[in-house]
Amino acid sequence: MLAESLALTAALFIIGVIGVLVHRNAIIIFMCVELMLTAVNLTFVAFSRFYGTAGQVFVVFVMTVSAAEAAVGLAIIIAIFRHRQTINLQDINLLKG
Amino acid sequence: MEPHYPLFYVFHFYLFGVIALASAVVFVTRKSPVAAALWLVNTMFSLAALYVMLDAQFIGVMQVLVYAGAIMVVFLFVVMLLNLGHPSALADARGLGWRLAAGLVGLGLLSEIMIIIRAKLPQQLIVPRDFNEQQLEKLNAVGMVAAPLFRDYLLAFELTSVLLLVAIAGAVILGRGRTVRAR
Amino acid sequence: MASFLDSIGYNGWVLPALLVIPLVGAIVVLLLPAREPADGTAGVESPAARQVAFWFFVLEFIVSLGLWWSYNPADRGWQASIDISWIPSWGVRFTLGIDGIALMMVLLTTFIMPLSTLGSWTNIRTKVRSYYALLLILSSGMIGVFLARDLFLFYVMWEVMLVPMYFIIGIWGGERRIYASIKFFLYTFLPSLLMLVAIIYLGLHLRGAGGVPDFSYDHLLAANTAVPQRTALWLFSAFFLAFAVKVPMFPFHTWLPDAHVEAPTAGSVILAGIMLKMGTFGFLRFGLPLFPGAALNPTVRMIILVLAVIGIIYGALVAMVQPDFKKLVAYSSVSHLGFVMLGIFALTLQSVQGALMVMINHGISTGALFLLVGIIYERRHSRLIDAYGGIARVVPMFAAVLTFVSLSSIGLPGTNGFVGEFLVLVGAFRTYPVLAVISTTGVIFAAVYLLWALQRILFNPLDKPENTHIPDLNRRELAMLVPLIAVIVWLGIYPAPVLRRMETSAQLLVDRVQAGTSAPRVSEAAP
Amino acid sequence: MLLQAVAAAGAQTHPLSGTIAEWVWLLPLLPLLGFLINGLLSLSSAHLGPADPSATAHDEPSEGAAEASVVTHGEESGAGGDDHHAVKRHRWAGLTSIVGPGVLIIAFGLAVAIWQTMVSAHPDAPFIQRYFSWMPVGDLQIDAAIQLDQLSMVMVLVVTGVGALIHIFSVGYMRDDPGYPRYFSYLNLFVFFMLVLVLGANYPVLFVGWEGVGLSSYLLIGFWFNDKQNADAGLKAFIVNRIGDFGFLVAMFMLFANIGVLDFVGVNAKALDLGAGSALVTTICLFIFLGCTGKSAQIPLYIWLPDAMAGPTPVSALIHAATMVTAGVYLIARSAALFSLSPVASLTVAVVGAVTAIFAATIGLKQWDIKKVLAYSTISQLGYMFVGVGVGAYVSGMFHLVTHAFFKALLFLGSGSVIQAMHNAYHATHSTDDAQDMRNMGGLRRYLPVTFVLMWIATLAISGIPPLSGFFSKDEILGSVFARAHGSSLATATWLGIPGGTLLYIIYGIGLAAAFLTAVYMTRMMLYTFHGPTRTGAEEEKYLGEAPWVMTGPLVILGILTVIGGWLNLPKVVTDIVPLGPGELFGHFLDPVVGSATARITAGATEVAPTTEEALIGAAVIIAVVGIIVAVARLKPANVPRAKDAIPETGFEGVVAHKYYVDEALDRTVVEPTYVVSRSFLWRFVDNGVIDGLFVNGSAALARTFGWIGSRLQTGNTGIYAWSLVVGVLLLLGVITLR
């Protein structure tokens, strides 16, 4: 089932990418990123059947990171919203050079 | 080489795969954050099922607990906190042109990935054929992940705990909002 | 005197002492307590810092003065040498030594430094401790450049010198100090990096015994015939750029007016008096002897000489039209240093000796001019020539000194300026008569720009009310100007002791470079 | 090396060693001492500033500054430098009056003593004292050394003698000037440098004096420096002199490069190595001559001298008439060994001298400022001297130099006396009229009888009326020109295609013409100043009066010298007719120095018959007399309007009155273009624009532009970032897959 898993991973990942590209709502974009991470997890799990349990360990790490990322990211979104009253990324250009 | 799978197994594998895919497609087309979040939870569940089918029972459980249970709840919580539930409040998605372009880019990427996957699919297994089953019997579902985690990857594991600590501290500081006002 | 110096083992410790004394001074200055301005110190915070710095500089000068007697002009080798291993794996050694050229440059430095301290006595009022600490570090770096016998050490000292000056201009400078300091830094730093590359190339390719990289000057001097002609040309270009910017030769001079004008008085004095000499000293010590073939390649030599001559005339003409007196003096430096370059590359004994004399004289005269500008600026807060007029009646002593120093700067016979320019031209005429004659017209232009400015400042009607109540020189200012005047007269009338001390080294240089161009190299046999 | 050997040899065998001549070093040292004392006195009235200038700069003014106030035109006060009518005697004036002239009188006494020793010893070689090595660099050995020979002796006597008289005169003339010690310190400084100039044993030491006198001249011309005109004049003098010095310098470089020595003894010994008549020696001589034209105000560098009259009148007498401006003549006489080798250069000197003589004389005809007349007269007379040394008559040139020093110093000091009287008168009535304009004078003989008589003597002398000194010296020059037109090395050479002989006849003619003009303009000056009705003004006339004895005394002495100066060198043709005394004393005296050089030029010259010579003398005298008569007949002092009523001359007369517009032309063609080009092109365009703007700041701007372009990509819109990221990945993967 490796090929199917990888195909599914790719498809989910691409859907996440498309979501990032078409959405402007920071929260939805965030969710898309989560989707992409999860999709990658599927790869790890799929491969763990062939390469040993290390893959599953990595999934644990990815989950930790994505949890941390969600916490910090959402905190930032809250902070930005407080400041700007919007989470529309088009209106937020603090990075403008 | 992969083992032969029974039809029952294959059917369910495909079923959950299709559900995950379909939910993801619906998720990505939603404009309301709440709806999107719920559809994403659906995808997560399907994936959890796939994990279990792929002999990663512990991960499957974690997927449900952490992603569907914790992270997505936080998302919903934030959405509600900021009162962003109404899609009309936001001109969220980009125009049709952008969406088409995104679709084309996505298709392009997908095809490229497919080509790469097909070309580079591993033909040989590194571990014995029934390695995971043996591990499962020897250590049970949790031990199978825990053993390497606390032996081989101990340092990385400890570092992730530091990461989480920092993330908590950061989230608290950012969320308190005082720094924002100070600026 | 010499026997007394021998009895205290002077030659054994003097050179490191010259490097260490200012550093100790800097530490002492920084350790002084911060003090709010008290009465009678004219609003200068931590006035003790300037006292300490001044006395450290005086100590440094007294210590260095012994070199005048301990130096043996008949000896062609290094004197008072020190050789300590520094970074053995790279073959870098901490080697110091003086010859006749370095001797005079060191004495010039130690002589100028206390006077420039006096020059900043009252006009540096903030961050006083850091200021004097930087001055002390700067002096250590400058002396290090003159003493270094290892190219790596030389490069380190070269950059050590750059940083304090950057801060001195950038922190205590005039209105456009940031622009000027950054320009100064980048302008001089960029080519120095090229020089570093060339130094590393030399050290790595001309390895010493045992295959270790060797940066020692003596070694490279002996081994440089192994460098192919084309490579030598590239290496020389790198050195040339680093030194030419420092000199500054036309057209690499535009950092100079900005840096000079914006720097505080002491900064300008040190820049003009000592740091500009680094470039010409570099040519004498490294540029010519290490790459005689490249430097005396007829095309290269002609280009450099023509640039020098352009510098002489161009600097004078541009100086003539400056509305700002400090800028005028700055451009006059371009002109003077053009004479030095002409003298060095004309490469006769007279012209090289003359170039060395011009280097010393320029340090004295231009240093004095900058001090005088600083004095009048402190009183009237204007450097514009047009802001003055007729003030000789109000400040007769200032006028007398300014006139005298200007005359020395334009090379009036009987002052030091003449000796240098005369020797340069008389020497250059032997090898490049046409260029020498063209350069001689610089003598005319020098009189035009400086005396004209003098007229507009000191003479003409006293028609501005704010100029009628300028105080004349005070005792401190006299104390810093009188030594300069004394040296101007001394070097103008009796420069022979100085010339004799430099002659052996200058002769050696000329012989070495000329021998180097006519390969194969003859081994240097000690006489 | 050579010099040392000569000095060593000379020390043992020279007839002057062991005599008072050993004290020759004291000669320049005395005025230097005077300079130091007076200089310190002048500065001692200055007050030290406060310990911290900026702290009190705007508070209470110091005592010294309080005396000074803003000077506008017509209002004078303060501690010196402004107009000289400020009556405020310096507190050290008494001491200065002793020190200033005192050192000169002592020096003159010493010079006379040395001269007597020299006359009796009659040395053939110069007496050289070597003190220390000045610039020893390899084969260039320049010593600080003094050379005493007959030529320098003559100059020393003139400088110290006339100098002492002028110093004494200055005590009276400048006594009320607030810058009195400063004035004397400059004057002493000048004498010091002048003595260094004439006593130096090699070209560089001579050059020290050469530039030094230029410096003193600069300082003295601009003595009343608060007047822009004076300061300008000083600057102009210095710069024009520097142009000449450029030539001198180049000549020294060429000498050293070709014969390796710069001391006079060495150059004389090796001059022949340069090759007689070679282009090299001609070039060297021409460069030396360029230096001389600057110092001695010859065409083309004469322009500074008329302006130099801005200085105090005694200064004009000392520096710009009697001594400094004759340094060029001295230099050529000193370099006789070189010039005699180059007929072309010698002829150039003579031609320039002759042209200058007539050119300046014409301008002198139309000047109204009494000092300007004398200035152009000086230029003209210097031209005569150059004709003399140019044709190899070094003795005659030097002789004219000496007599000219007498009568021109007398004329200048006399004019100073006149100006002083005029000035006092105008000062008393607070009039702003020009005290130097002859149109404001007239009839002064009634008020200044002593000055009147003495100045007439000088006028007759300069016009060449026998038996006054000017007659002998001028006549000798013209006679020499005539004598060398046949057979001498000059006559056989060609100058720009003109045969030397022809040229010399032309020069002779020009000389005669200039003599005529000299008689005319000098008589004109005397007529307008002393004769006719007084135009000074009715009120002012009451204040006109003769100067005190301290001023008239030197005038009388100079008058006596003017009368008897000719006895120094009576021509043979005269002594043959009238037994006035021993003939050609001066010539015999100078013979050891310039004899061989003169002989080289006159080697093949045919002797002029005594009758011809007598005829020439007669012609010269007649021309001078005619000049005076013409002037007296044509000019009517009674008809001259006062300066403020005068209408400017027009036509050619106007051109002459404006000195042929040479200054204006130079301003337009040289000075202003240089300034404009330097400012607009070199500084603004090349320096600020191209080098700094284009290259230096340009490279910085280039880097900044790239940075700016990069920063434009940072829109801050994360959507765009995401898009570009994804598209980038697409492209990269595409490359990988399609590879």
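Start with the largest nonpolar core of this predicted model, which has 459 residues. Select C:Leu342, C:Tyr449 and D:Ala409, the residues with the most contacts inside this core. Then highlight helix 18 of chain D, residues 394–428. This helix gives the core its largest share, 19 residues.

**Stop 1: around C:Tyr449**

Keep C:Tyr449 selected and look for its partners beyond four places in sequence. What is C:Tyr449 in contact with? Show C:Ala316, C:Ala319, C:Met320, C:Leu328 and C:Ser332, and you have the set of contacts.

**Stop 2: a second core**

Now move to another core, which lies apart from the 459-residue one. This second core has 81 residues, and A:Phe44, A:Val60, B:Phe16 and B:Leu54 are among them. As background, nonpolar side chains in soluble globular proteins tend to be buried together.

**Stop 3: B:Ala49**

Stay with chain B and select helix 2, residues 33–53, where B:Ala49 lies. Why does B:Ala49 count as buried? It counts as buried because 20 C-beta neighbours lie inside 10 Å, and the cut-off is 20 or more.

Next, add B:Phe16, which you met in the second core. Draw a C-alpha to C-alpha distance from B:Phe16 to B:Ala49: the two are 7.0 Å apart in space, yet 33 residues apart in sequence. B:Ala49 touches B:Phe16, and B:Gly60 as well, when residues up to four places away in sequence are not counted.

**Stop 4: chain B as a whole**

Zoom out to chain B and colour by secondary structure. You should find seven helices and zero strands, in the pattern α-α-α-α-α-α-α along the sequence. Chain B has 183 residues, of which 29% count as buried. Of the contacts in chain B with a separation of 6 or more, 53% are between residues 24 or more positions apart.

**Stop 5: chain A**

Select chain A next. How many helices and strands does chain A have? There are three helices and zero strands, running α-α-α from the N terminus on. The radius of gyration of chain A is 16 Å, whereas the globule rule gives 13 Å for 97 residues, so the chain is more spread out than a compact globule. Turn the C-alpha trace about its principal axes and you will see spans of about 50 × 25 × 25 Å.

Buried residues make up 65% of the 97 residues in chain A. Taking contacts in chain A between residues at least 6 apart in sequence, 45% join residues at least 24 apart.

**Stop 6: two covered helices**

Go to chain D and pick helix 17, residues 370–390. From its first C-alpha to its last, this 21-residue helix reaches 30 Å, close to the 30 Å expected at 1.5 Å a residue. Is helix 17 of chain D mostly covered or mostly uncovered? It is mostly covered, with 21 of its 21 residues buried. Step just past the helix to D:Gly392, which takes a positive phi of about 85 degrees.

For a companion view, select helix 5 of chain C, residues 128–147. Its 20 residues should span 28 Å at 1.5 Å a residue, and the end C-alpha atoms are 29 Å apart, which agrees. Helix 5 of chain C is also mostly covered, with 20 of its 20 residues buried.

**Stop 7: the domains of chain D**

Colour chain D by its domain assignment: domain 1 covers 349–657 and domain 2 covers 669–702. The C-alpha centres of these two domains of chain D lie 51 Å apart.

**Stop 8: where the chains meet**

Show chains C and D together. Here 66 residues of chain D are in contact with 64 residues of chain C. On the chain D side, the elements that each supply at least two residues include strand 1 (127–137), helix 8 (203–221) and helix 29 (662–713). The largest share, 14 residues, comes from helix 9 of chain D. By class, the side of chain D that touches chain C divides into 41 nonpolar, 16 polar and nine charged residues.

To finish, check the chains that stay apart. Chain A and chain C do not touch, and their nearest C-alpha atoms are 23 Å apart. Chain B and chain C do not touch either, with nearest C-alpha atoms 29 Å apart.

Technical notes. Residues numbered from 1 in each chain as written. Chains lettered and ligands numbered in written order. Predicted model: local features only at pLDDT ≥ 70, side-chain atom pairs only at ≥ 80, totals over all residues. Helix = DSSP H or I, 4+ residues; strand = E, 2+ residues; numbered from the N terminus. Rg over C-alpha atoms; globule rule 2.2 N^0.38 Å. Buried ≥ 20, exposed ≤ 12 C-beta atoms within 10 Å, placed from the backbone. Contact = placed C-beta atoms within 7 Å. Core = buried A, V, L, I, M, F, W, Y, C linked by C-beta atoms within 7 Å. Domains from an automatic or database assignment. Expected span 1.5 Å × (residues − 1). Nonpolar A, V, L, I, M, F, W, Y, C, P; charged D, E, K, R; others polar.
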